[in-house]
Amino acid sequence: MIDIATDGPLGGPQFTLGNAFYTYCFSVFDRRFLTHLYWGAPLSAPLDPTTVLRPRQPDYLPAMRPATEVRRVAGAYALDTLPQEYPAWGAGELREGVFAVRLGDGTAATRLEYVEHEVIDGAVQPRGMEILRSGLRSTLRVRLADPRGDYAVDLFYVVDDAAPALLRWARFTNTGGESIEIENPASAAVDVDGAGKDLVTLSGAWARERHVARRAVGAWRAEVASRNGASGHQTSPFLAIAEATATEMTGGVRGIALCYSGNFRGRCDGDQFGGCRLSLG
């Protein structure tokens, strides 16, 4: 299911994806920034973003007003507290972006803003992912672009009706007149609430693969990666955020994993407000 409200409460389209297993929701904030809103159990009613999009904060701080109020001071707001769907490096926040570019004039700092979206019939898949065909009916493409016009990023979303999985990938396009360099682009990223959560990773060695490692999410950065040409026993292209009380059979867990092997890097980037950014690519 892909549902789009063309005029959402945050000043732009609001996208709701999901099936019988989950709901995934994001919106365009202030007609510019693609903002993550929800990823969890299926919702029975449309999501009101003002109930979930609030500045994250430690428990000892007083409650704040809804984000649509506190993020606007004389028409301004802080990207550092905005849960962006695919954040660039150098856009005015302490967390690390999920890709970096170097433009023809040497500029490295950039940002992405919403341009357009479309729903494509059928599953539009990257090369090498033809195996992912069953249960795939339509593809959502959302285009973001650098306001200078140097490049664009298309984010693709495919809902698998038969599984609790959302397929995502990103495609970069040079839309300017000069060459650009792209560094460490992630296939997908998501900002989630890390309060009371554990980061779960898998590591091991030959004949004892995928040992579960978990530790409480905090204001630090963790990385899993392979630089030898393939994933393997030592590290797996997988990250998950689990409730501290979650077990193998109960509790809430949200994870991201790659559908292919090779060099990869996955990160969990905690922030000062109790949130964390997961990225993998």
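1. Cavity count and volume. This predicted model holds 1 cavity of 30 Å³ or more. The largest cavity has a volume of about 80 Å³.

2. Cavity lining. Which residues line the largest cavity? One part of the lining comes from Phe33 and Leu34. Another includes Gln84, Glu85, Tyr86, Pro87, Ala88 and Ala91. Arg111, Leu112 and Leu144 complete the list. By class, the lining divides into 8 nonpolar residues, 1 polar and 2 charged.

3. Thr110, place and burial. Thr110 sits in the loop between strand S5 (100-102) and strand S6 (113-121). Is Thr110 buried or exposed? Its relative accessible area is 7%, and the cut-off for buried is under 20%, so Thr110 counts as buried.

4. Thr110, partners. A polar contact of 3.1 Å links the side chain of Thr110 to that of Tyr151. Neighbours within four places in sequence aside, Thr110 also touches Ala88, Trp89, Gly90 and Ala91. Val101 and Asp146 are on that contact list too, as is Tyr151. Two of these names recur from the cavity: Ala88 and Ala91 are in contact with Thr110 and also line the largest cavity.

5. Arg31. Arg31 is in the loop between strand S3 (23-29) and strand S4 (33-40). Its relative accessible area is 61%, over the 50% cut-off, so Arg31 is exposed. Its backbone deserves a look. Most residues other than glycine have a negative phi. Arg31 is not a glycine, yet its phi is positive, at about 65 degrees.

6. Asn184. Here is another positive phi: about 50 degrees at Asn184, again not a glycine. Asn184 is found in the loop between strand S10 (181-183) and strand S11 (188-193).

7. Tyr260. The loop between strand S16 (253-257) and strand S17 (264-270) carries Tyr260. With a relative accessible area of 41%, which lies between the 20% and 50% cut-offs, Tyr260 is classed as partly exposed. How far apart in space are Tyr260 and Ser231? Their C-alpha atoms are 8.9 Å apart, with the two positions 29 residues apart in sequence numbering.

8. Whole protein. The protein has 1 helix and 18 strands. Of its 281 residues, 46% are buried. Take contacts between residues at least 6 apart in sequence: 52% of them join residues at least 24 apart. The exposed surface is about 14,000 Å². Carbon and sulfur atoms supply 51% of that area.

Methods:
Residues numbered from 1 in each chain as written. Predicted model: local features only at pLDDT ≥ 70, side-chain atom pairs only at ≥ 80, totals over all residues. Heavy atoms only, no water. 1 Å grid on protein atoms, 1.4 Å probe; cavity = no way out; pocket = protein on both sides within 12 Å on 5 of 7 lines; lining within 4 Å. Points joined across faces, edges and corners; volume = space filled by probe spheres on them. Nonpolar A, V, L, I, M, F, W, Y, C, P; charged D, E, K, R; others polar. Helix = DSSP H or I, 4+ residues; strand = E, 2+ residues; numbered from the N terminus. Buried < 20%, exposed > 50% of the residue type's maximum accessible area, 1.4 Å probe, protein only. Polar contact = N/O pair within 3.5 Å; in protein donor to acceptor, adjacent residues only side chain to side chain. Contact = heavy atoms within 4.5 Å. Areas by Shrake-Rupley, 256 points an atom, 1.4 Å probe, with all protein chains shown as cover.
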